[in-house]
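Subject: Structure for your review

Dear colleague,

Please find below the structure that I am handing over to you. My findings follow directly after it.

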Amino acid sequence: QVQLVESGGGLVQPGGSLRLSCAASGSIFGLNAMGWYRQAPGKERELVATITRVGNTNYLDSVKTRFAISRDNAKNTVSLQMNSLKLEDTAVYYCGADRYGSGKYGMEYWGKGTLVTVSS
């Protein structure tokens, strides 16, 4: 089993920035994909950004120029720097990890989520 713990959510004004972090523990050897999905009220969970162990990334089109995902394999952490936040970025952000897949179609393991609220 893999445990994922997110941190860094909160309330931010439009145009502001937040940094989400996620730490993995447990059976973490060989995890391939780590990343972030989000779910807004009344909507399905969607991929925000994923990164593989070798650094291949995948982003939601609407965040490509504003968000940046990074990963520290030695520390088993993944982070999401979110800039120029918009009202529509408001959601619960979930950290995920997948042992074999790329993470593009879902994750094997999930954190409990952290709420990001963009509001003036």
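The largest cavity is lined by Ala24, Ile28, Leu31, Met34, Arg53, Arg71, Asp72, Asn73 and Asn76. Please note that the model is a predicted one. The volume of this largest cavity is about 40 Å³, and the structure holds 1 cavity of 30 Å³ or more. One of the lining residues, Asn76, belongs to the loop between β7 and β8. The backbone of Asn76 deserves a look, with phi near 55 degrees, a positive value in a residue other than glycine.

A positive phi also occurs at Ser84, a residue other than glycine, where the angle is near 50 degrees. Ser84 is placed in the loop between β8 and β9. Its relative accessible area is 40%, so Ser84 is classed as partly exposed.

I turn next to the aromatic residues. A search of the whole structure returned 1 aromatic pair. The partners are Tyr37 and Trp110, in an edge-to-face arrangement with 5.1 Å from centre to centre and 90 degrees between the planes. This pair joins distant parts of the chain, since Tyr37 belongs to strand β4 (residues 33-39) and Trp110 to strand β10 (residues 109-110), 73 residues apart. How buried or exposed are the two partners? Tyr37 has a relative accessibility of 6% and therefore counts as buried. Trp110 has a relative accessibility of 32% and therefore counts as partly exposed.

Arg45 is associated with the ring of Trp110 as well. The charged end of Arg45 sits over that ring, 4.6 Å from its centre. The charged end of Arg45 also sits over the ring of Tyr94, 3.7 Å from the centre of that ring. Arg45 is located in the loop between β4 and β5, and its relative accessibility of 32% is why Arg45 counts as partly exposed. Leaving out residues up to four places away in sequence, Arg45 touches Tyr37, Arg38, Gln39, Tyr94 and Trp110. Both members of the aromatic pair, Tyr37 and Trp110, are thus found in the contact list of Arg45. By way of a further distance, the C-alpha atoms of Arg45 and Ala97 are separated by 15 Å, with their positions 52 residues apart along the chain.

As to the interior, the largest nonpolar core comprises 31 residues, and those with the most contacts inside it are Leu4, Trp36, Leu80, Met82 and Tyr93. Two or more residues of this core come from each of β1 (2-7), β3 (18-26), β4, β5 (46-51), β7 (67-72), β8 (77-82), β9 (91-98) and β11 (114-118). In soluble globular proteins, nonpolar side chains tend to be buried together.

Two glycines may be considered together. Gly35 is part of strand β4, and Gly96 is part of strand β9. Gly35 has a relative accessible area of 0% and is therefore buried. Gly96 likewise counts as buried because its relative accessibility is 0%. Beyond the residues within four places in sequence, Gly35 is in contact with Ala49, Thr50, Ile69, Val78, Tyr94, Cys95, Gly96 and Met107. The contacts of Gly96, with the same sequence neighbours left out, are Leu4, Ala33, Met34, Gly35, Met107, Tyr109 and Trp110. Gly96 and Trp36 are 60 residues apart in sequence, while their C-alpha atoms are 6.0 Å apart in space. For Gly35 and Glu46, which are 11 residues apart along the chain, the C-alpha separation is 11 Å.

The last residue I wish to bring to your attention is Arg99, in the loop between β9 and β10. Is Arg99 buried or exposed? With a relative accessible area of 15%, below the 20% limit, Arg99 is classed as buried. Apart from neighbours within four places in sequence, Arg99 is in contact with Val2, Ser27, Ile28, Phe29, Gly30, Leu31, Asn32, Glu108 and Tyr109. Among these contacts, Ile28 and Leu31 are also lining residues of the largest cavity. The C-alpha atoms of Arg99 and Met34 are separated by 8.8 Å, the two residues being 65 apart along the chain.

With kind regards

Terms used: Residues numbered from 1 in each chain as written. Predicted model: local features only at pLDDT ≥ 70, side-chain atom pairs only at ≥ 80, totals over all residues. Heavy atoms only, no water. Phe/Tyr/Trp six-rings, centres within 6.5 Å; stacked < 30°, edge-to-face > 60°. Helix = DSSP H or I, 4+ residues; strand = E, 2+ residues; numbered from the N terminus. Buried < 20%, exposed > 50% of the residue type's maximum accessible area, 1.4 Å probe, protein only. Lys NZ or Arg CZ within 6 Å of the ring centre and 35° of its normal. Core = buried A, V, L, I, M, F, W, Y, C linked by side-chain atoms within 4.5 Å. Contact = heavy atoms within 4.5 Å. 1 Å grid on protein atoms, 1.4 Å probe; cavity = no way out; pocket = protein on both sides within 12 Å on 5 of 7 lines; lining within 4 Å. Points joined across faces, edges and corners; volume = space filled by probe spheres on them.
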